[in-house]
Amino acid sequence: MAIVFEKTKGLTDKPFHYCPGCTHGIIHRIIAEVMCEMNILDDAIGVSSVGCTYNNYEYFACDMVQAAHGRAPAVATGIKRVHPGNMVFTYQGDGDLASIGTAEIVHAAARGEKICAFFVNNAVYGMTSGQMAPTTLLGQVTTTSPFGRDANLQGYPINMSEMLATLQGAVYVERVTVVDFKSIQQAKKAIAKAFRVQQHGLGFAFVEFLSTCPTNWGKDPVDSLQWIRENMIPQYPLGVFKGKDLEV
Amino acid sequence: MSKRVLMKGNEVIAEAAIRAGCRYYFGYPITPQTEIMHYMALTMNKAGGTFVQAESEVAAINMVYGASAAGGRVLTSSSSPGISLKQEGFSYIAGAELPAVVVNIVRGGPGLGGILPAQGDYFQATKGGGHGDYRNIVIAPASIQELYEMTVEAFNLADKYRMLVMILGDGTLGQMMEPVSFREKEPIVIPEKPWALTGRKDREEHNTIQSIYINPDDLEAKNIELQDKYKVVSRDEVRYEELNTEGAEIIIVAFGTCSRICRNVIRQASGIGIKVGMIRPITLWPFPTEVIAAAAAKPETRAFLDVELNAGQMVEDVRLAVNGKKPVHFYGRMGGNLPGQQELLDQIIKIHEEGK
């Protein structure tokens, strides 16, 4: 019988540890699929960060290294400078990238470091049990904003894609989500474009994924997808913020 | 050895690193070590390597982590406040067993302190500073020639043991000029690195590098493995210099710049009939415990004098080595000040008189 579908070879056989309904799994799979489709799996070197995906070095089938909290773009810089011909990417959450690691991501982008940064924004700290993230929405209840995020006390969400798009070294910046088939296809295109930007040595490429956290949002998986549509997308609009006309 | 050239300590470190095959440098400016960066910025690209001025010391050490994980020979340098920032990275490098060389041209602290020479980072360098049970090899050269030779050696040791090697200098060593003779060919030993991240290529399995072991048995096993490695380093890599210790009544223990002053005091003391010797640790970790213990056991040794540019840090290791067999005195200066020869000679005379 002809094989019509099989699991991507870009992932190992290690079972994911993610919570039911969490979209990290989808994002892992489509990054892995793109690496296989582009035939770059054997050249790729990924950097895991700190948070729910701390051990995704066990999941991606390419060479992987685990970095200290927030420092993945610096670690990726070191790798890329040693192996300029390899495809280097980071996989970071919102606490890692938008809080403790702002300096590293901003300067990797400003240097035009020829890497891809995949940023998974679920508006909450997942691994440490639901604290407020820099990307937590106004009014959103978390374990450290139990009365809802109050701008007067806790400031405003950070729109990383819009911010990084202002930097000259960032040549491609897009925000996507993975809430349905169509958005997943768009997310795959964004991943592929980010890797092509790196292949052509054009500069820093950034893809932000709006992702669910049913456990810490206190919602079931379906409601979580709806919550992205209704609450996250108005704050974090989807689209290309830099490099729309870039032909790669 | 080739013709002697007059060079500044910081520049010699950079030159030695390039000669040792280091092709990646990541750093952030801080006095009094910045000439290392300047030299690297000028020469690294020509040597076929990469120089990156990082956005912070934190970023720099993590670039080192990445470059080392990728199989590169890599250096970063800083001075005390900047080294504090790198400590997190040191711990990760230890946990992931990556080779790296770090230079600390120590200045006075705590806090922003000053920019003049000090040895107040001894504890931080030798006892940790980052979290967890780990060790770094710490080398404290005392001359520009030794700075050159030990920097080359540091890279070999880092690769041999897959661990971090720190060159612990001070503002004087970094800033002063002395003649140095470079070898025609450096004794470079770079082992195969099958663990390095290169892209999977033809390998069956992907390589992964990490310092996390969630299962307690796995983490304990990793720690035991690290401790076993550190035992081998402690056994095989202790370096020190003994000067005039045969028949000495007082034995000075001092390292780095401080030992240079002590060296002159030994001559002066001899002139007034006091036999003084010196044990100069070259590796601060592993520490030359056995040689100090052996000196303490000699009947003619009456006392030790530990001299440092701090409030008394290495003296704790000296006391552990002496183990109560003989009195251990301490004399230190802080804030970037150095002791004068007469100042030290007065200490020697005092100890000599007390011992009568």
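This passage describes how the two chains of a predicted model meet and how parts of the chains are held together.

The model is predicted, with local features requiring pLDDT of at least 70 and side-chain atom pairs counting only at pLDDT 80 or more, while totals for chains, interfaces and linings use all residues. Residues are numbered from 1 along each chain as its sequence is written, chains are lettered from A and ligands numbered from 1 in the order in which they are written, and side-chain values use heavy atoms, leaving out hydrogens and water.

A good place to start is the meeting of the chains. Chain A and chain B each bring 33 residues to the contact, where contact means heavy atoms within 4.5 Å. The size of an interface is often given as the accessible area lost when the parts come together. Here about 2,600 Å² is buried between chain A and chain B, and carbon and sulfur atoms give 58% of that area; buried area is the accessible area (1.4 Å probe) that two parts lose on being put together, summed over both.

Charged and polar groups also take part. Four salt bridges are counted between chain A and chain B, a salt bridge being a side-chain nitrogen of Lys or Arg within 4 Å of a carboxyl oxygen of Asp or Glu. One salt bridge pairs A:D63 with B:R203, at 2.7 Å from N to O. Between the chains there are also 17 residue pairs in polar contact, with both residues at pLDDT 80 or more. A polar contact is a pair of N or O atoms within 3.5 Å; within protein, one must be able to donate a hydrogen and the other to accept it, and residues adjacent in sequence count only if both atoms are side-chain atoms.

On the side of chain A that touches chain B, the elements giving two or more residues are strand 1 (44-48), strand 2 (63-66), helix 2 (72-82) and helix 4 (102-110) of chain A. Helices (H or I, at least four residues) and strands (E, at least two) are DSSP runs, numbered from the N terminus. Helix 2 of chain A supplies the largest share of this side, with seven residues.

The two chains even share a sheet. Its eight strands form an open sheet with mixed pairing, in the order 7(A)-5(A)-6(A)-4(A)-3(A)-1(A)-2(A)-9(B); two strands pair if DSSP finds at least two bridges between them. The edge strands are strand 7 (239-242) of chain A and strand 9 of chain B, each of which pairs on one side only. Strand 2 of chain A and strand 9 (residues 208-209) of chain B run parallel and are joined by two bridges, with A:M64 opposite B:T208. Within chain A, seven bridges link the parallel strands 5 (residues 170-177) and 6 (residues 204-210), and A:E174 has A:V207 as its bridge partner in strand 6 of chain A.

Side chains also link separate parts of chain A. The count over all chains is 37 salt bridges. In one of them, the closest N and O atoms of A:K14 and A:E58 are 3.6 Å apart. A:K14 lies in the segment before helix 1 (24-37) of chain A and A:E58 in the loop between strand 1 and strand 2 of chain A, so this pair ties together parts 44 residues apart in sequence.

Finally, some backbone details deserve a look. Most residues other than glycine have a negative phi, and most peptide bonds are trans. A cis peptide bond joins B:T31 and B:P32, with omega about 5°, and B:P32 is in the loop between strand 2 (24-27) and helix 2 (34-43) of chain B. Another cis bond runs from B:G109 to B:P110, where omega is near 0°.
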